[in-house]
Amino acid sequence: MYNTLKAKAKEAIKHSYSPYSHYRVSAAIETENGNIYTGTNIENSSYSMTICAERVAIFKAISDGSKKIVKILIYSNNETLPYPCGACLQVMSEFCEKDTIIIVSNDKCDETYSLNKLLPKQFKL
Ligand code: THU
């Protein structure tokens with residue numbers, strides 16, 4: 001599944017809308033029933049309205065009826081690896097298990113984490 005997620009993320013990054021930062025990010029996520037959803041960062045001239053690639057992919061999946069996310073791959077064609085921001089980690093914690101795999105990748109390398117490693121203390125009601 002890693003190869004498929006990476007291929008889908010590399011395809012999706014073409015749609016990144018990032019005219020302000022010029023930092024392109026995409027995400028590919030696998031849901032509990034084996035479906036794959038992708039997302040890209042979408043920026044806005046009112047900067048704080050920008051949304052990250054991870055949240056776009058997650059919201060697409062959930063709004064399409066998915067209940068759980070089992071794997072997430074985040075991709076950037078930049079030198080720096082695209083570690084997920086705090087806001088995206090919090091959204092992931094809503095729809096993932098603590099051991100859900102998060103792969104952070106670019107064209108040089110990949111790093112694999114669990115959600116628990118990146119967000120050890122999760123806010124839950
Ligand atoms: N970005 C993401 O898409 N995901 C993250 O987890 C962190 C940052 C985007 C937002 C913005 O368009 C660009 O990267 C630079 O911050």
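With which side chain does the side chain of Thr-31 make a polar contact? The side chain of Thr-31 pairs with that of Asn-33 at 2.7 Å, as the first view shows. The model is predicted, with local features requiring pLDDT of at least 70, side-chain atom pairs counted only at pLDDT 80 or more, and totals for chains, interfaces and linings using all residues. Residues are numbered from 1 along each chain as its sequence is written, and side-chain values use heavy atoms, with hydrogens and water left out.

**View A. Surroundings of Thr-31 in strand S1.** Thr-31 has a relative accessible area of 0% and is therefore buried (under 20% relative accessible area; exposed is over 50% and partly exposed in between; 1.4 Å probe, protein chains only). Its polar contact is with Asn-33 (a pair of N or O atoms within 3.5 Å; within protein, one must be able to donate a hydrogen and the other to accept it, and residues adjacent in sequence count only if both atoms are side-chain atoms). Leaving aside residues up to four places away in sequence, Thr-31 touches Tyr-37, Ala-61, Ser-66, Lys-68, Ile-69 and Val-70 (heavy atoms within 4.5 Å).

**View B. Ser-16 in the loop between helix H1 (2–12) and S1.** Helices (H or I, at least four residues) and strands (E, at least two) are DSSP runs, numbered from the N terminus. Ser-16 counts as buried because its relative accessibility is 8%. Its side chain makes polar contacts with the side chains of Ser-18 (2.8 Å) and Asn-41 (2.7 Å).

**View C. Residues around the ligand, including Tyr-23, Asn-41 and Glu-43.** Each residue shown has a heavy atom within 4 Å of the ligand. A polar side-chain atom of Glu-43 lies 2.5 Å from a ligand oxygen atom. Polar backbone atoms also approach ligand oxygen: one of Ala-53 at 3.0 Å, and an N or O atom of Cys-85 at 3.0 Å. The protein covers 76% of the 370 Å² of accessible area that the ligand has on its own (Shrake-Rupley method, 1.4 Å probe; for residues, only the protein chains shown count as cover).

**View D. The largest nonpolar core, with 23 residues.** Such a core is a set of buried Ala, Val, Leu, Ile, Met, Phe, Trp, Tyr and Cys residues joined through side-chain atoms within 4.5 Å. Among the members that touch the most others are Ile-58, Ile-72 and Met-92. Helix H3 (86–95) gives the largest share, five residues.
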